[in-house]
Amino acid sequence: MARPDPMLERIEAFNRNHGGRVIVRHVASGYSLHSERSGGPVARLKPTGEGDKVRVLAWHREKWGASGPFGVPTMMLDRALDYIYSNPFFWIYV
């Protein structure tokens, strides 16, 4: 039986509450968000190991990279999800 993943559950709950636009997968040491409609990459969340802080990555030319103008932003999970859902930059490939 799989162990509960509180961060995955929070991401999925946020997604459901915002119209279910993404598919969330726990891959390696992070969470990949892909468009439910097209399958295109939306964002990647990498936990920092400090509570619920995550690094927010975006898709760039076949790989995940910096999503902010000054590198990879780090923020609490709830703020990161708001950042992704409200920023058109993440929805280019969908």
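**Exercise 1. The nonpolar core**

Work out how many residues the largest nonpolar core of this predicted model has, and which elements feed it.

*Solution.* Start with the count: the core has 22 residues. Next, pick out the ones with the most contacts inside it, namely Ile11, Val42, Leu45, Val56, Ile84 and Phe90. Now go to the secondary structure. Two or more residues each come from helices H1 (6-17) and H2, and from strands E1 (22-27), E2 (30-35), E3 (41-47) and E4 (53-60). H2 gives the largest share, five residues. As background, nonpolar side chains in soluble globular proteins tend to be buried together.

Zoom in on Val56 to finish. Skipping neighbours within four places in sequence, its contacts include Leu45, Ile84 and Phe90, along with Arg44, Ser67 and Tyr83.

**Exercise 2. A polar residue in H1**

Decide whether Asn15 is buried or exposed, and find what its side chain pairs with.

*Solution.* First place the residue: Asn15 sits in helix H1. Its relative accessible area is 7%, and the cut-off for buried is under 20%, so Asn15 is buried. Then check the polar partner: a polar atom of the Asn15 side chain lies 2.8 Å from the backbone oxygen of Val22. Val22 also turns up in the contact list, with Gly20, Arg21 and Tyr85, once residues up to four places away in sequence are left out.

**Exercise 3. A nonpolar patch outside**

Classify Ile92 as buried or exposed, and name the patch it belongs to.

*Solution.* Locate Ile92: it's in the segment after helix H2 (77-86). Its relative accessibility is 53%, and exposed starts over 50%, so Ile92 counts as exposed. Finally, add the partners: Phe89, Ile92 and Tyr93 make a nonpolar surface patch with about 290 Å² of accessible area together.

Definitions and conventions:
Residues are numbered from 1 along each chain as its sequence is written. This is a predicted model: local features need pLDDT of at least 70, side-chain atom pairs count only at pLDDT 80 or more; totals for chains, interfaces and linings use all residues. Side-chain values use heavy atoms; hydrogens and water are left out. Patches are made of residues with over 30% relative accessible area and no salt bridge: like charges are joined within 9 Å, nonpolar side chains (Val, Leu, Ile, Met, Phe, Trp, Tyr) within 5 Å. Accessible areas come from the Shrake-Rupley method with a 1.4 Å probe; for residues, only the protein chains shown count as cover. A salt bridge is a side-chain nitrogen of Lys or Arg within 4 Å of a carboxyl oxygen of Asp or Glu. Helices (H or I, at least four residues) and strands (E, at least two) are DSSP runs, numbered from the N terminus. Buried means under 20% relative accessible area, exposed over 50%, partly exposed in between (1.4 Å probe, protein chains only). A nonpolar core is a set of buried Ala, Val, Leu, Ile, Met, Phe, Trp, Tyr and Cys residues joined through side-chain atoms within 4.5 Å. Contact means heavy atoms within 4.5 Å. A polar contact is a pair of N or O atoms within 3.5 Å; within protein, one must be able to donate a hydrogen and the other to accept it, and residues adjacent in sequence count only if both atoms are side-chain atoms.
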